[in-house]
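Subject: Structure handover

Hello,

Here is the structure we talked about. Please open it first, then read my notes below.

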There are 2 protein chains.
Amino acid sequence: MGTREQIVEAANRLFYQQGYERTSFASIAETVGISRGNFYYHFKTKDEILEAVLEARLQDTRAMLARWTEGAATPLKRVFRFVEIVVANRADIEHYGCPVGTMTSELAKLDHPSRAQAVDIFRVFRDWLREQFTELGHAANADDLALQVLAFSQGVATLSNAFGERGYVKREVERLKTRLMSLDT
Amino acid sequence: MGTREQIVEAANRLFYQQGYERTSFASIAETVGISRGNFYYHFKTKDEILEAVLEARLQDTRAMLARWTEGAATPLKRVFRFVEIVVANRADIEHYGCPVGTMTSELAKLDHPSRAQAVDIFRVFRDWLREQFTELGHAANADDLALQVLAFSQGVATLSNAFGERGYVKREVERLKTRLMSLDT
DNA sequence: CGCACATTAGGACAACTGTCCTAAAATCTC
DNA sequence: GAGATTTTAGGACAGTTGTCCTAATGTGCG
């Protein structure tokens with residue numbers, strides 16, 4: 001793997017685990033195992049790294065959703081797949097929160113130029129969910145339902161991160177899935 | 001107002017608007033209009049300020065909930081009062097997110113010693129909500145309901161902060177209130 | 001008033017920040 | 001293998017960080 005990709009990968013992880021502001025040029029270089037001078041050859045500024053990280057996350061998200069669109073037979077199963085993210089990533093979320101939600105929050109506070117790019121990741125999820133609800137026969141309020149599912153996962157992620165209680169995430173996910181099943185025809 | 005209170009108030013606001021990590025000793029001193037030397041007389045470390053800020057938030061929260069307990073006639077109206085926080089603070093939330101949620105998230109990422117203190121603010125809300133649902137006659141799952149209402153407000157706050165869409169918060173709050181009314185006997 | 005104490009200002013300190021430069025090393029092309 | 005280009009290392013730079021010290025000022029009490 002090229003140096004540039006290694007940098008983006010390390011920065012991606014550090015931004016998630018420590019936050020953007022906290023993560024320094026030096027610590028990324030140290031993680032990758034290169035000198036700060038070499039670092040500068042690939043990225044001139046910290047903002048450039050952030051852009052690359054957000055771009056990578058955006059593409060990863062699109063690729064994941066594309067797999068889900070193909071992999072799951074019904075729209076309801078696809079929505080379930082999304083809701084179960086918080087279960088699959090429960091351990092990370094307890095430690096560091098939701099990668100999308102915490103990044104947008106931090107960039108909002110920093111009034112960072114790349115904030116819109118971070119929000120775009122939310123938008124990709126939202127659009128995808130809306131499509132699923134449309135297919136499910138709820139075109140009229142598909143966007144509302146998409147936002148409700150997004151808000152659910154953000155709320156559960158935040159509280160899971162705060163309280164870290166065993167069984168909480170799983171319980172809430174099951175509850176939502178039950179509610180969602182009533183939407184099926 | 002004493003210098004110490006002014007410092008805590010300024011730090012409270014700056015921590016909310018810019019985040020804890022971003023906010024510097026110097027910027028707090030500048031906001032209050034005192035020298036960094038004087039600052040050091042009142043607080044030895046940045047962590048000490050954070051503790052004072054969290055303590056102040058905790059007391060403010062308790063005081064607010066106490067007023068609500070007295071001010072609203074029925075437990076359902078009290079819960080409504082809570083849910084409407086996100087409407088009342090919509091403008092701030094669009095800019096900076098929920099003060100409680102974003103603070104706990106940031107401190108979690110920083111692995112900060114005061115993280116537990118920040119979570120305590122969540123806990124105060126949770127306990128208060130649980131009491132309301134108990135009074136409402138749902139003692140069996142009062143804590144679950146409290147967590148659901150908390151998660152709702154966190155989810156809505158995060159998405160409102162991300163998308164900033166007109167009418168979103170109000171719409172979601174009305175939807176939840178309708179759902180909550182079905183809990184009333 | 002005069003003295004003790006609380007409060008303040010201003011600056012010093014090393015460590016770290018993001019940024020940038022230069023020269024050496026590695027790699028590729030012919 | 002020679003030469004050009006890409007990639008690397010190491011350190012310099014000014015500015016900022018949290019922390020700390022000292023001396024001056026304010027304030028209250030006898």
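A residue counts as exposed when its relative accessible area is over 50%, as buried when that area is under 20%, and as partly exposed in between. Please keep in mind that this is a predicted model.

**Two aspartates in loops**

By that cut-off B:Asp111 is exposed, because its relative accessibility is 63%. The residue sits in the loop of chain B that runs between helix H8 (99–110) and helix H9 (115–135). Its backbone deserves a look: phi is positive, about 55°, and B:Asp111 is not a glycine. Most residues other than glycine have a negative phi.

Chain A has an entry at this number too. A:Asp111 also has a positive phi of about 55° without being a glycine. You will find A:Asp111 between helix H8 (99–110) and helix H9 (115–135) of chain A, in the loop. A:Asp111 is exposed, because its relative accessibility comes to 64%.

**Chain B against chain A**

How many residues of chain B are in contact with chain A? There are 41, and they meet 41 residues of chain A. The two chains bury about 3400 Å² between them. Carbon and sulfur atoms carry 55% of that area. On the chain B side, B:Lys109, B:Leu159 and B:Phe163 lose the most area to chain A. Together these three make up 20% of what that side buries.

Now the polar part. The rule finds six salt bridges across the interface. One of them joins B:Glu21 to A:Arg22, with 3.6 Å between the closest N and O atoms. Polar contacts link 16 residue pairs between the chains, counting pairs with both residues at pLDDT 80 or more.

Which elements build the chain B side? Helix H1 (3–18), helix H7 (90–96), H8, H9, helix H10 (142–163) and helix H11 (168–181) of chain B each supply at least two residues. H10(B) has the largest share, with 13 residues. By class, the side of chain B that touches chain A holds 15 nonpolar, 13 polar and 13 charged residues.

**DNA strand C**

Next, the DNA. Strand C is surrounded by 17 residues. The closest are A:Lys46, B:Thr3, B:Gly37, B:Tyr41 and B:His42. Of the strand C atoms within 4 Å of the protein, 64% are sugar or phosphate, and the rest belong to bases.

Three side chains to check at the phosphates of strand C:

- B:His42 has a side-chain N or O atom 2.7 Å from a phosphate oxygen.
- B:Tyr41 places a polar side-chain atom 2.8 Å from a phosphate oxygen.
- A:Tyr40 has a side-chain N or O atom 3.2 Å from a phosphate oxygen.

Both chains take part in this surface. Helix H2 (25–32) and helix H3 (36–42) of chain A, and helix H3 (36–42) of chain B, each give at least two residues. H3(B) gives the most, with five. The surface near strand C has five nonpolar, eight polar and four charged residues.

**DNA strand D**

Strand D also has 17 residues around it. Here the closest are A:Thr3, A:Gly37, A:Tyr41, A:His42 and B:Phe25. Sugar and phosphate make up 62% of the strand D atoms that come within 4 Å of the protein.

Again, three contacts with phosphate oxygens of strand D:

- A:Ser35 uses a backbone N or O atom, at 3.1 Å.
- B:Ser24 uses a polar side-chain atom, at 3.3 Å.
- B:Tyr40 uses an N or O atom of its side chain, at 3.3 Å.

H3 of chain A, with helix H2 (25–32) and H3 of chain B, are the elements that give two or more residues to the surface near strand D. H3(A) gives the most, with five residues. By class, the surface near strand D has five nonpolar, eight polar and four charged residues.

**A last residue: A:Phe25**

A:Phe25 is in helix H2 of chain A. Is A:Phe25 buried or exposed? Neither: A:Phe25 counts as partly exposed, because its relative accessibility is 24%. Beyond its neighbours within four places in sequence, A:Phe25 is in contact with A:Phe39, A:Phe43, A:Lys44, A:Thr45, A:Lys46 and A:Ile49. A:Ile49 is 24 residues away in sequence, and the C-alpha atoms of A:Phe25 and A:Ile49 are 9.5 Å apart.

Best wishes

Terms used: Residues are numbered from 1 along each chain as its sequence is written. Chains are lettered from A and ligands numbered from 1 in the order in which they are written. This is a predicted model: local features need pLDDT of at least 70, side-chain atom pairs count only at pLDDT 80 or more; totals for chains, interfaces and linings use all residues. Side-chain values use heavy atoms; hydrogens and water are left out. A residue is near a molecule or strand if one of its heavy atoms lies within 4 Å of it. A polar contact is a pair of N or O atoms within 3.5 Å; within protein, one must be able to donate a hydrogen and the other to accept it, and residues adjacent in sequence count only if both atoms are side-chain atoms. Helices (H or I, at least four residues) and strands (E, at least two) are DSSP runs, numbered from the N terminus. Ala, Val, Leu, Ile, Met, Phe, Trp, Tyr, Cys and Pro count as nonpolar, Asp, Glu, Lys and Arg as charged, and the others, Gly among them, as polar. Buried means under 20% relative accessible area, exposed over 50%, partly exposed in between (1.4 Å probe, protein chains only). Contact means heavy atoms within 4.5 Å. Buried area is the accessible area (1.4 Å probe) that two parts lose on being put together, summed over both. A salt bridge is a side-chain nitrogen of Lys or Arg within 4 Å of a carboxyl oxygen of Asp or Glu.
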